[in-house]
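Thanks for coming. I have one structure to go through today, so please have the sequence and the coordinates open.

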Amino acid sequence: FETASLRNRVPSKPRPFETASLRNRAALPTGGFCSALDARPYGPLLVPMSASPLSDRHVILGVTGSIAAYKAALLVRRLKTAGAEVQVLMTPAAEHFVPALTLGTLSEREVLTDIFPENEDGSWTQHVTLGEWADAFVVAPATAQTIAKLAHGFCDSMLTATALSARAPLLVCPAMDREMYRHTATQRNLERLRDNGYKVMPAAH
């Protein structure tokens, strides 16, 4: 993944995704809602550049409990259209904003939430298997809660446990109230994620 402006760019080679950045970011936003999924002009943060780079690639999409979670459905559809296999992981809070059935239908794979789902023997190792399966891991939207957990290595859900096991590049797309986004604790956690090798998408406002 690469963070770049959408203007005046001539890529030297095909890229599986393109990330839209803020223009003229002189300071952090104040007030209102802040989401990396509001990048213009395409709406969702990740824009499939062509079918070829994503064909048969394995993408994990982590969806967390933000109002921006409804945009995950379009993101899944675009990734699938570009030829990727998509596995959706949701936090329990995310299901308050978008039904798991919707994302499961679009991805054509069962949506996973719990590390220990009922009546599924051996499923507790799925986070390890998925971590090896993935070519890319995207957390979109990423709430302040999930960002803090990822920054400090918590693994209390299928999403966070798989992120800790994953070997693939991981992109975090923050989405939260602007005051929460600009809070020192959140900015410190985002910086920790960068230090850990994660890519962090700046939030549009």
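I will start with the chain as a whole, then take the strands, the salt bridges and one surface patch.

First, a caution: this is a predicted model. Everything I quote is computed from it.

The overall picture. The protein chain has eight helices and nine strands. Of its 205 residues, 49% are buried. If we take the contacts in the chain with a separation of 6 or more, 77% of them are between residues 24 or more positions apart. As for the outside, the chain exposes about 10,200 Å², and carbon and sulfur atoms supply 50% of that.

Now the strands, with β8 as the reference point. β8 covers residues 170-177, and seven of its eight residues are buried. Which strands does β8 pair with? One of them is β7, residues 136-142, which runs parallel to β8 and is joined to it by four bridges. Within that pairing, F137 has L170 in β8 as its bridge partner. Another is β9, residues 199-200, also parallel to β8, with two bridges between them. There, L171 is partnered with K199 in β9.

A long-range approach between two other residues is also on my list. A148 sits in helix α5, residues 144-151. Its C-alpha atom is 5.8 Å from that of N189, although the two residues are 41 apart along the chain. With a relative accessible area of 24%, A148 counts as partly exposed, because the cut-off for buried is under 20%.

Next, salt bridges. How many does a search of the whole structure find? Six. I will describe three of them, beginning with E85 and R109, whose side chains meet with an N to O distance of 3.6 Å. E85 is in strand β6, residues 85-90, while R109 is in the loop between α3 and α4, so this salt bridge ties together parts that are 24 residues apart in sequence. Both partners are partly exposed: E85 is at 31% relative accessibility and R109 at 28%.

The second salt bridge is between E132 and R167, with the closest N and O atoms 3.5 Å apart. This pair also links distant parts of the chain, since E132 belongs to helix α4 and R167 to the loop between α6 and β8, 35 residues apart. R167 is exposed, at 69% relative accessible area.

The third is local. R194 and E191 form a salt bridge, and their closest N and O atoms are 3.2 Å apart. Both residues lie in helix α8, residues 184-195, and they are three residues apart, about one turn of the helix. Buried or exposed? Neither: R194 counts as partly exposed at 35%, and E191 is partly exposed at 39%.

Last, the surface. Which residues form a nonpolar patch there? I67, Y70 and F97 do, and together they have about 320 Å² of accessible area. F97 is in the loop between β6 and α3. Its relative accessible area is 38%, which makes F97 partly exposed.

To recap the salt bridges: E85 with R109 and E132 with R167 each connect separate parts of the chain, whereas R194 and E191 sit within one helix, α8. That is what I have; questions are welcome.

Definitions and conventions:
Residues are numbered from 1 along each chain as its sequence is written. This is a predicted model: local features need pLDDT of at least 70, side-chain atom pairs count only at pLDDT 80 or more; totals for chains, interfaces and linings use all residues. Side-chain values use heavy atoms; hydrogens and water are left out. A salt bridge is a side-chain nitrogen of Lys or Arg within 4 Å of a carboxyl oxygen of Asp or Glu. Buried means under 20% relative accessible area, exposed over 50%, partly exposed in between (1.4 Å probe, protein chains only). Patches are made of residues with over 30% relative accessible area and no salt bridge: like charges are joined within 9 Å, nonpolar side chains (Val, Leu, Ile, Met, Phe, Trp, Tyr) within 5 Å. Accessible areas come from the Shrake-Rupley method with a 1.4 Å probe; for residues, only the protein chains shown count as cover. Contact means heavy atoms within 4.5 Å. Two strands pair if DSSP finds at least two bridges between them.
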